[in-house]
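Let's take a stroll through a protein model, one piece at a time. Keep the picture open beside you as you read.

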Amino acid sequence: MESSTDMDLGDLRDSFERNGYVVLPSFFTPEQVAELDAMVDDWQARWNELPGRENSEYRERFEVHLKALPISRLPPFVALFEHPDMQNLTTTIAGEGFETLYGFAFATPRTGGQGWHKDSSDPAPGMFTLNRLVYTRDYAPEQGRLYVLPGSHRYKGFRSVGPNHGHLDGEVAITPTQGMVVLVSSHCAHRVGINSTEHIRVVLNSRVNPEKVPADLCDLPVFRSGLWRHSTQTYLGPYPERNDGDGKSVETAESDA
Ligand SMILES: O=C(O)CCC(=O)C(=O)O
Ligand SMILES: [Fe+2]
């Protein structure tokens, strides 16, 4: 895993521009995430009564299964993402004048996960929403690693069609640990591995936009198996083009080994 803890902020920005994501293990201390971490146990205990389940077509097509818990107004969530270190980090990647959008806790139970996707489908440089992911505890790989595809933010969609949870050449697997922050461009392909344990896996995500990026950029995510519109909950069909971003078709498919 590429660790960015020791990088200075300029290197961090370069790494994000090159790869589409950065990983910062132990960005927060256990104490800083303790209050939010206690909520994970509470959600586990009350799982069946929690709202936030996904649309069933969305779940089946893209093999995304989770509950999106709206906790972004809770004081410990706000405090975490407004921490000066987080603000500084955010400014480094998204620039001064970034706009805070919305936040969730995404919880995946047994059989849950998220198939390969980009949260936005516009490939223009700088046209991204920043996913600011925070994990409040160590997770076993079997609870679902985060997979990212370095450099995929620089071309449209996916270079091949294939299984939602298939292996892609060049993928990087990240096992979440307590206090880890991962910043992922909405246009960098990522997936969450299927949870094969009885224990839920929770990620906190607070999204921000660089200045001038439309607030609804993530209304049109692109999955490896097609396009979706969140606002109308509709499937828009398979992704129309397979290319390298220069309009040339790509011959070499990613493997599904
Ligand atoms: O759960 C994760 O590690 C990634 C979450 C994700 O894909 C997202 O919030 O856009
Ligand atoms: Fe995502």
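Two strands pair if DSSP finds at least two bridges between them, and strands (E, at least two residues) as well as helices (H or I, at least four residues) are DSSP runs, numbered from the N terminus. This is a predicted model, where local features need pLDDT of at least 70, side-chain atom pairs count only at pLDDT 80 or more, and totals for chains, interfaces and linings use all residues. Residues are numbered from 1 along each chain as its sequence is written, while chains are lettered from A and ligands numbered from 1 in the order in which they are written.

**The sheet**

With that in hand, look at β11 (residues 222-223), which pairs with β12 in the antiparallel sense over two bridges. Here Val222 has Leu227 of β12 as its bridge partner. Strand β12 (residues 226-229) also pairs with β13 (residues 234-237), again antiparallel, over three bridges. In this pair, Trp228 stands opposite Tyr235 in β13. β12 and β13 make a hairpin with four residues between them, and Gln233 in the turn has a positive phi of about 55°.

Now zoom out: these strands belong to an open sheet of seven strands with antiparallel pairing, in the order β7-β6-β9-β4-β11-β12-β13. Which strands are at the edges? They are β7 and β13, each pairing on one side only.

**A helix with two faces**

Next up is α5 (residues 84-94), where Leu89, Thr90, Ile93 and Ala94 are buried (20 or more other C-beta atoms, placed from the backbone, within 10 Å of a residue's own; 12 or fewer is exposed, and in between is partly exposed). These four cover an arc of only 110° around the axis, so they sit on the same side of α5; the arc is that of the directions from the helix axis to the C-beta atoms. The face turned away from that buried side carries the exposed residues Pro84, Asp85 and Asn88. The buried residues of α5 pack against α1 (9-19), β5, β8 (181-185) and β10. Just after α5 comes Gly95, with a positive phi of about 85°.

**The core**

The largest nonpolar core (buried Ala, Val, Leu, Ile, Met, Phe, Trp, Tyr and Cys residues joined through C-beta atoms within 7 Å) has 51 residues, and Tyr21, Val182 and Leu183 touch the most other members. Not counting residues up to four places away in sequence, Val182 touches Tyr21, Val23, Leu133, Leu146 and Ile174. Touching, or contact, is when two C-beta atoms, placed from the backbone, lie within 7 Å.

**Around the ligand**

The residues around ligand 1 (C-beta atom, placed from the backbone, within 6 Å of it) include Leu133 and Leu146, along with Asp119 and His190. β5 (130-134), β9 (190-192) and β10 (201-209) are the elements that give two or more residues to this shell.

**Two loop residues**

His167 lies in the loop between β6 (146-148) and β7 (172-174), and Gly52 is in the loop between α2 (30-45) and α3 (56-62). How exposed are they? Both are in the table.

| Residue | Exposure | Other C-beta atoms within 10 Å |
|---|---|---|
| His167 | partly exposed | 14 C-beta atoms |
| Gly52 | partly exposed | 13 C-beta atoms |

Leaving aside neighbours within four places in sequence, Gly52 is in contact with Lys67, Ala68 and Leu69. Gly52 and Phe104 are 52 residues apart in sequence and 10 Å apart in space, C-alpha to C-alpha.
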